[in-house]
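Q: I would like a close look at a single part of this model. Please keep it brisk and stay with what the coordinates show.

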Amino acid sequence: SAGAVAAVAALVAALLLLRCQDAGPGAGSSMAATEALPKLREDFRMQNKSVFILGASGETGKALLKELLEQRLFSRVTVIGRRKLTFDEEAYKNVNQKVVDFEKLDDYASAFQGHDVGFCCLGTTRKKAGAEGFVRVDRDYVLKSAELAKAGGCKHFNLLSSKGADKSSNFLYLQVKGEVEDRVEELKFDRYSIFRPGVLLCDRQESRPGEWLIRKFFGSLPESWASGHSVPVVTVVRAMLNNAVTPSDKKKELLDNKAIHDLGKADGSLKP
């Protein structure tokens, strides 16, 4: 439709604008780290950590849950969401599900207790939820969840943000992402990792024509340019997990699109 094409044009223009505004160097991922990954995963498994995922029904959260179960990194896996998800595969049989009302999160504080690590992949779009709904989900729900996770003992909080996130941006999307990044930082988790991917490349079940066009657009670009502004979802989730198993004394880590590519491709031998 004309609207979808206009949206693509606007997005491409925004991306061109962002080209000069990268978030600076991300967390390093040296060759040594790549070679060490199998050992790091093994050491991590031995710690019997528990994890929660927010937004496991979305594309990134879904891929993260799958990868995390395949790697068998955590002894307890909890999905927190507004509805129960149905899983057919045997691998999912021990996943705990906590159904919460995001409008009354304080009533569900117990769902956020007792997790060592948290991954937040919550998010909607302005088109789907309206401007007000978008702010409520991407800022208010995320922040309240982070507060409850911190109070519940979570040590390492991982936030899926966006390339160009900046609270002083003129784009509502990037402004909200930047604001929530800063406000979660104020909670002072022992470790706080922010992931700022470019356009996420995935085959979404829900059809969004604008996104399909964007994927086609990036698919036709030279590899170096495309990888500067987009990233496959599976690369993002592997980067998240490779980062989580790598010890760090940094309170805050900011991984830009390039760092996500580097770390997400540093597979080592993936399966246990």
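Where is K155 found, and what surrounds this part of the chain?

A: This is a predicted model. K155 is found in the loop between α4 and β5. Helix α4 spans 126–151, and strand β5 spans 156–160.

Start with exposure. K155 has a relative accessible area of 43%. Buried means under 20% and exposed means over 50%, so K155 counts as partly exposed. C154 has a relative accessibility of 4% and therefore counts as buried.

Now the charge. K155 belongs to a surface patch of positive charge. K150, K188 and K251 are in the patch with K155. Patch residues need over 30% relative accessible area, and K155 has 43%, so K155 passes that cut-off.

K188 deserves its own look. K188 sits in the loop between α5 and β6, the latter being 191–195. With a relative accessible area of 61%, K188 is exposed, because the value is over 50%. Its backbone also stands out: phi of K188 is near 55°, a positive value in a residue other than glycine. Most residues other than glycine have a negative phi.

R72 offers a second case of positive phi. Here phi is about 50°, and R72 is not a glycine. R72 lies in the loop between α3 (59–71) and β2 (76–81). R72 is exposed as well, with a relative accessible area of 55%.

Next, helix α5, which covers residues 172–185. V180 is found in α5. At 2% relative accessible area, V180 is buried, because that is under 20%. The C-alpha atoms of V180 and L159 are 9.4 Å apart. Along the chain, these two residues are separated by 21 residues. The range of β5, 156–160, takes in L159. That brings the view back to the strand that follows the loop of K155.

Last, the cysteines. A search of the whole structure finds zero disulfides. C120 shows why in its own case: the nearest cysteine sulfur, that of C121, is 6.7 Å away, and a disulfide needs the two sulfur atoms within 2.5 Å. C120 is buried, with a relative accessible area of 0%.

To sum up the part you asked about: K155 is a partly exposed lysine in the α4–β5 loop. K155 shares a positive surface patch with K150, K188 and K251. C154, by contrast, is buried.

Conventions:
Residues numbered from 1 in each chain as written. Predicted model: local features only at pLDDT ≥ 70, side-chain atom pairs only at ≥ 80, totals over all residues. Heavy atoms only, no water. Patch = residues over 30% accessible without salt bridge, like charges linked within 9 Å, V, L, I, M, F, W, Y side chains within 5 Å. Areas by Shrake-Rupley, 256 points an atom, 1.4 Å probe, with all protein chains shown as cover. Salt bridge = Lys/Arg side-chain N within 4 Å of Asp/Glu carboxyl O. Lys, Arg positive; Asp, Glu negative; His and termini not counted. Charge placed at Lys NZ, Arg CZ, Asp CG, Glu CD. Helix = DSSP H or I, 4+ residues; strand = E, 2+ residues; numbered from the N terminus. Buried < 20%, exposed > 50% of the residue type's maximum accessible area, 1.4 Å probe, protein only.
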